[in-house]
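Please open the model in your viewer and keep the sequence panel visible. The tour moves from single residues to the whole chain.

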Amino acid sequence: AWLAAHQSADGRWSSDGFGRVCNQKPWPGEVPDGAGVAGRDVGATAWALTSFLGSGYTSRGRHPFARTVSRGLRFLKNQQDAEGCFGPRTGPDALADHAIATLAMLEAYGMTESPIFVGSAGKALAFLLGARNAGGGWGQGLGTGTSDVFHTGLAVLAVHSAALIDQDAVGRGRPARFGVDPRILREAAASLLSKTDDKTGLVNGNARDTAIGMVIRLFAGEDARTSGALQRGARVVLQACTPAWDTSAGTIDLVAWYFGTLALHRVGGQAWKHWNEALGVALREGQRRDTDRCLYRGSWDPVGPGLEAGGRVQATAFMHLASCTYYRYDRVFGNRSVGQTVPAAPTVAQE
């Protein structure tokens with residue numbers, strides 16, 4: 001409901017200007033803090049949309065966010081160029097914004113099978129695959145030749161969702177819509193080998209990249225029950241990144257929490273049980289409950305590394321997505337009627 005309140009009339013979420021609007025109208029009151037960097041509206045919009053889609057809210061159905069999602073997807077489509085790229089191609093965040101926008105458009109199609117989204121999703125996926133570097137990874141720029149774990153992880157989220165859509169279609173006796181080659185995900189996982197310490201499981205010597213690397217490996221089909229790398233990685237992530245909302249201790253890393261939740265949920269066992277309990281506490285303790293939804297109520301503060309650009313919008317989307325992990329992929333690809341059955345959420349007007 002907080003995210004919906006801060007969507008602009010043209011469908012975008014503004015990374016730096018979200019506080020100047022409430023319920024699609026100019027907001028004359030106190031402006032909430034947590035602004036990100038100007039020019040990141042494609043990324044902010046995409047993260048917000050994945051949050052709605054992850055809860056089962058599409059542009060269809062009888063629920064309070066249908067128009068919110070529809071406006072957001074229309075904005076993204078309007079930012080896509082003829083070759084499929086969402087937003088500007090220049091700047092350090094071009095690949096990240098495009099990858100998440102691709103994910104949003106793919107999942108919008110995956111949930112609705114609407115022809116409105118399929119062309120945009122297919123062009124976006126093709127552009128993303130074209131930006132892949134030699135060696136199977138992605139980097140900060142578009143096809144610059146230098147890959148890193150974070151951008152590879154973002155790209156893998158989108159490619160994996162496209163593969164799930166193909167798998168669902170084939171399972172129902174239909175042709176694969178996007179024709180994703182499974183080797184793409186396996187090659188992304190293989191690109192981690194030189195970055196991974198065999199003894200500790202650490203990727204690039206830090207726990208955040210280890211969490212992202214675990215997601216890449218899992219989405220490539222690696223079995224957590226038999227993979228020593230995944231088991232070692234789970235221990236590293238659990239020890240270094242277990243969620244705890246403590247601003248003074250410097251324990252908050254929402255990027256690591258999001259990817260760690262995706263990874264450990266699939267690993268399961270005691271690692272997931274411990275992580276899940278800690279995440280629940282952190283979600284409750286960190287979510288703002290003061291003021292109203294035109295200010296802070298329902299959001300999370302953009303605390304910790306990696307949120308300078310996305311600000312409060314991205315922080316709120318990250319934490320909400322972490323809370324959706326339990327059912328997110330079932331809702332996106334399992335039950336296309338869920339958008340009509342999800343419970344209504346309160347709006348600013350109702351409060």
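Select Arg 12, which counts as partly exposed because its relative accessibility is 27%; buried means under 20% relative accessible area, exposed over 50%, and partly exposed in between, with a 1.4 Å probe and protein chains only. Arg 12 is found in the loop between H1 and strand S1 (21-22). Helices (H or I, at least four residues) and strands (E, at least two) are DSSP runs, numbered from the N terminus.

This is a predicted model, in which local features need pLDDT of at least 70 and side-chain atom pairs count only at pLDDT 80 or more, while totals for chains, interfaces and linings use all residues. Residues are numbered from 1 along each chain as its sequence is written, and side-chain values use heavy atoms, with hydrogens and water left out.

Keep Arg 12 selected and display its surroundings. Leaving aside residues up to four places away in sequence, Arg 12 touches Gln 7, Asp 41, Thr 45 and Phe 75; a contact means heavy atoms within 4.5 Å. Next, add Leu 49: Arg 12 and Leu 49 are 37 residues apart in sequence, and their C-alpha atoms are 9.8 Å apart in space.

Now select Thr 58, in the loop between helix H2 (41-54) and helix H3 (66-78). Is Thr 58 buried or exposed? Its relative accessibility is 7%, so Thr 58 counts as buried. Beyond four places in sequence, Thr 58 touches Leu 53, His 63, Phe 65, Ala 66, Val 69, Met 111 and Thr 112.

Colour the model by pLDDT, the predictor's confidence in each residue, from 0 to 100. The protein chain averages a pLDDT of 91, and 94% of the residues score at least 70. Among the elements, select helix H1 (residues 2-5), which has the highest mean pLDDT (98), and then helix H13 (residues 328-333), which has the lowest (69). Continue to residues 335-351, where pLDDT stays under 50. Where pLDDT is low, the predicted coordinates should not be read in detail.

Finally, select the whole protein chain, which contains 13 helices and 2 strands. Its radius of gyration is 19 Å, close to the 20 Å that the globule rule gives for 351 residues, so the chain is as compact as a globular protein of that length. This radius is taken over C-alpha atoms, and the rule is 2.2 Å times the number of residues to the power 0.38. Of the 351 residues, 56% count as buried.
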